[in-house]
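User: Please look at the model below and work through a few questions on its helix packing and on some of its buried side chains.

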Amino acid sequence: MSPVSLHAAPPAQAQASRPLIGLDLLRFGAAALVMVFHLACTEWLDPSSEAAALVGTPIPFPALLPLSSQGWIGVQMFFVISGYVIAYSASQASASRFLVNRVLRLMPGIWFCATLSFVLALIFMPEPVTVLLAWYARTLVLFPAPRWIDGVYWTLGIEIIFYGLVFALLALRRFDRLESVVLAVGLASTLMWCLAAMSVWPDLGRIISTRIAKLILVTHGCHFALGVLLWSGASRGFTRLRLLGIAACTVGGLLQIRYDAGFAGASLGLDRDPKTAWLLYAAFLGLFCLSIRTNVALTDALPALAAKVRHLGLATYPLYLLHTFIGALAMRLLHDLGLPPALCLAGGFATAIAAALLVSRRVEPIFRTRLKRMIAPTEPGRATRGFASGPIDDLAIPVRQRSS
């Protein structure tokens, strides 16, 4: 990177040990977008979706389609947040500590939420028990290929590949190369999407959206790279080269979103125009940058608000894992009771959020503590602080677009 900084970053010590209010709100907003997509769109437009199977009788929400049909954009938002947060947390960790933190962050939520979803699937899903058992087992070990007990787990395999890349650099003591390596991944992803947009290879968009392409970060590498570059700029300054990398990866991200908008529109029989998705993504990036720049001032001025927002941020992961099953079944119950569609949807949202808050505040800490004792035992008198306890170390989980 060029040593010439175009914009001075806040001192590292000013950002340390502070909750990121804006990013907590943004990731909760991204989760809400995906929840709207599943509970107010695919629930009645896609009979093959989990939400449709769980609700039973479709509950249409045509007035919400301009927004609900674009809710899948929350996935890309989460990948950007993941790039930023994982780079931040890894910059302050050894390879072993990073690995333990990721296991402690991911697995307790997966094991509890997948088990709950499995039990509910046994009651409400039409698939045979043997099929559900196979999906459940694949989910518990995060098997990289579909299917899982709930399609939302498709993003976790992609996240783990990104974590593995960061872990490898830490293990090789080359974390200083993170920005260069991830930028290369982001530029390769951008190049592929540019070629797909130019119709040089008519089927290229589909090829670089396959499961294998997702797992090697060809599909979404531009979004992860954006997050890492924004972290580098915030901590070290926005150099010309960084700004060029951000611009290039933004182009790649917009082209990737255009493909997904066409895919989603064709699958649901809706408009394929990406303009709304682009607008949501652009607004997200603007708020993302603003939240980073103003975080110190916000946390100093509103310490009580920061603590409350933190609870929402921590609840985003279980909300991602549970919203389809809990929200759809709540809608089903309310619909059977004769409530109007608007109240059914509001009840589904409220129930899913309440369940997520309960899991994040009461259930996950118990599982995490027990798992930490198993995988990170300490000698008497030796502190265990730092494992899965940093203020933003756990801001890194995305949401579902489709089971692929």
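**Helix packing and buried residues**

Analyst: Helix 2 (residues 21-45) and helix 16 (residues 341-375) pack at an angle of about 135°, with their axes 11 Å apart. Residues are numbered from 1 along each chain as its sequence is written, and side-chain values use heavy atoms, with hydrogens and water left out. This is a predicted model, in which local features need pLDDT of at least 70 and side-chain atom pairs count only at pLDDT 80 or more, while totals for chains, interfaces and linings use all residues.

User: How many nonpolar residues does the contact of helix 2 with helix 16 have?

Analyst: The contact (heavy atoms within 4.5 Å) involves Phe28, Met35, Val36, Leu39 and Ala40 of helix 2, which meet Leu345, Gly348, Phe349, Ala352 and Ile353 of helix 16. By class, there are no charged residues and one polar residue, and the number of nonpolar residues is nine.

User: Which residue's side chain makes a polar contact with the side chain of Glu179?

Analyst: Glu179 lies in helix 9 (residues 178-197) and is buried (under 20% relative accessible area, with a 1.4 Å probe and protein chains only), its own value being 6%. At 3.3 Å, its side chain makes a polar contact (a pair of N or O atoms within 3.5 Å, one able to donate a hydrogen and the other to accept it) with the side chain of Ser232.

User: How far apart in space are Trp72 and Ala30, C-alpha to C-alpha?

Analyst: Trp72 sits in the loop between helix 4 (65-68) and helix 5 (73-90), and is buried with a relative accessible area of 1%. Trp72 and Ala30 are 42 residues apart in sequence, and their C-alpha to C-alpha distance is 8.8 Å.

How values were computed:
Axes fitted to C-alpha atoms, helices over the stretch in contact; angles between N-to-C directions. Helix = DSSP H or I, 4+ residues; strand = E, 2+ residues; numbered from the N terminus. Nonpolar A, V, L, I, M, F, W, Y, C, P; charged D, E, K, R; others polar. Buried < 20%, exposed > 50% of the residue type's maximum accessible area, 1.4 Å probe, protein only.
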